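Here is a short set of exercises to work through with the model open beside you. Try each task yourself before reading its solution.

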Amino acid sequence: MKPLFVLLGTFAVSLLVTRLGRSTFDVTLAGRIALAVMLVFTATGHFIFTRGMTAMLPAFVPFRAFMVYLTGVLEILAAVGLFVPGLWVLTGYLLVLFFILILPANIYAAANHLNYETGATNGKGLAYLWFRVPFQLLLMGWAWYFAIR
């Protein structure tokens, strides 16, 4: 839920700031800023909650901690790529793919009641997917709208 608030809050603030700076709302720029800030926010979790995020991956996945760090770095690189004119479309496509690829980890975590912040099995369970799946779809649409189209 926190990433949604970061995404929407940053979008609202960015809209206002672009309005002040350009005398018009720059919705596309505000959308990219919001997505980038949300990506950096979630990437931070990969480094702070590594143990819990590692538990989000099934045991058969090799190098789980490395994968958690790698996806955190990839999120930061994507945040930067959203502002490089020659890269933001490619970044958008890669983000859509990324959001698709991480959904199974979120489903696995929900099915196992994992609390990614603590690594304990006292999480919300499958009910969490009623939020997470639509949120993933929102992120895919957001990346498409603000980076690709």
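Is Arg22 buried, partly exposed or exposed, judged by its relative accessibility? Arg22 counts as partly exposed, because its relative accessibility is 48%; buried means under 20% relative accessible area, exposed over 50%, and partly exposed in between (1.4 Å probe, protein chains only).

Before going on, note that this is a predicted model, in which local features need pLDDT of at least 70 and side-chain atom pairs count only at pLDDT 80 or more, while totals for chains, interfaces and linings use all residues. Residues are numbered from 1 along each chain as its sequence is written, and side-chain values use heavy atoms, with hydrogens and water left out.

**Exercise 1. Find the salt bridges and describe the partners.**

Step 1. Apply the criterion: a salt bridge is a side-chain nitrogen of Lys or Arg within 4 Å of a carboxyl oxygen of Asp or Glu. A search of the whole structure with it gives 2 salt bridges.

Step 2. Start with Arg22, whose side chain meets that of Asp26 at 2.6 Å, N to O. Asp26 has a relative accessibility of 18%, so Asp26 counts as buried.

Step 3. Turn to Glu117 and Lys2, whose side chains form a salt bridge at 2.7 Å, N to O. This pair links distant parts of the chain, 115 residues apart: Glu117 sits in the loop between H5 and H6, and Lys2 in helix H1 (residues 2-22). For reference, helices are DSSP runs (H or I, at least four residues), numbered from the N terminus.

Step 4. Check the accessibility of both partners. Glu117 is partly exposed at 31%, and Lys2 is partly exposed at 45%.

**Exercise 2. Describe how helices H5 and H6 pack.**

Step 1. Choose the descriptors: two packed helices are described by the angle between their axes and the distance between the axes.

Step 2. Read the values. H5 (residues 88-111) and H6 (residues 129-148) pack at about 175°, with their axes 8 Å apart. Axes are lines fitted to C-alpha atoms, for helices over the stretch in contact, and angles run from 0 to 180 degrees between N-to-C directions.

Step 3. Classify the pair. H5 is therefore roughly antiparallel to H6, a label for angles over 145 degrees.

Step 4. Sort the contact by class: the contact of H5 with H6 has 19 nonpolar, 3 polar and 1 charged residues. Here Ala, Val, Leu, Ile, Met, Phe, Trp, Tyr, Cys and Pro count as nonpolar, Asp, Glu, Lys and Arg as charged, and the others, Gly among them, as polar.

**Exercise 3. Work out the surroundings of two threonines.**

Step 1. Locate Thr50 in helix H3 (residues 50-55). With a relative accessible area of 11%, Thr50 is buried.

Step 2. List its contacts, meaning heavy atoms within 4.5 Å. Not counting residues up to four places away in sequence, Thr50 touches Gly45, Val68 and Tyr69.

Step 3. Look at the side chain of Thr50: one of its polar atoms lies 3.4 Å from the backbone oxygen of Phe47.

Step 4. Do likewise for Thr71, which is in helix H4 and buried at 18%. Leaving aside neighbours within four places in sequence, Thr71 is in contact with His46 and Phe98.

**Exercise 4. Place Phe5 and give its C-alpha distance to Met38.**

Step 1. Phe5 lies in helix H1 and, at 54% relative accessibility, counts as exposed.

Step 2. Phe5 and Met38 are 33 residues apart along the chain, and their C-alpha atoms are separated by 8.9 Å.

Note on methods
Helices (H or I, at least four residues) and strands (E, at least two) are DSSP runs, numbered from the N terminus. A polar contact is a pair of N or O atoms within 3.5 Å; within protein, one must be able to donate a hydrogen and the other to accept it, and residues adjacent in sequence count only if both atoms are side-chain atoms. Angles under 35 degrees count as roughly parallel, over 145 as roughly antiparallel, 65 to 115 as roughly perpendicular and the rest as oblique.
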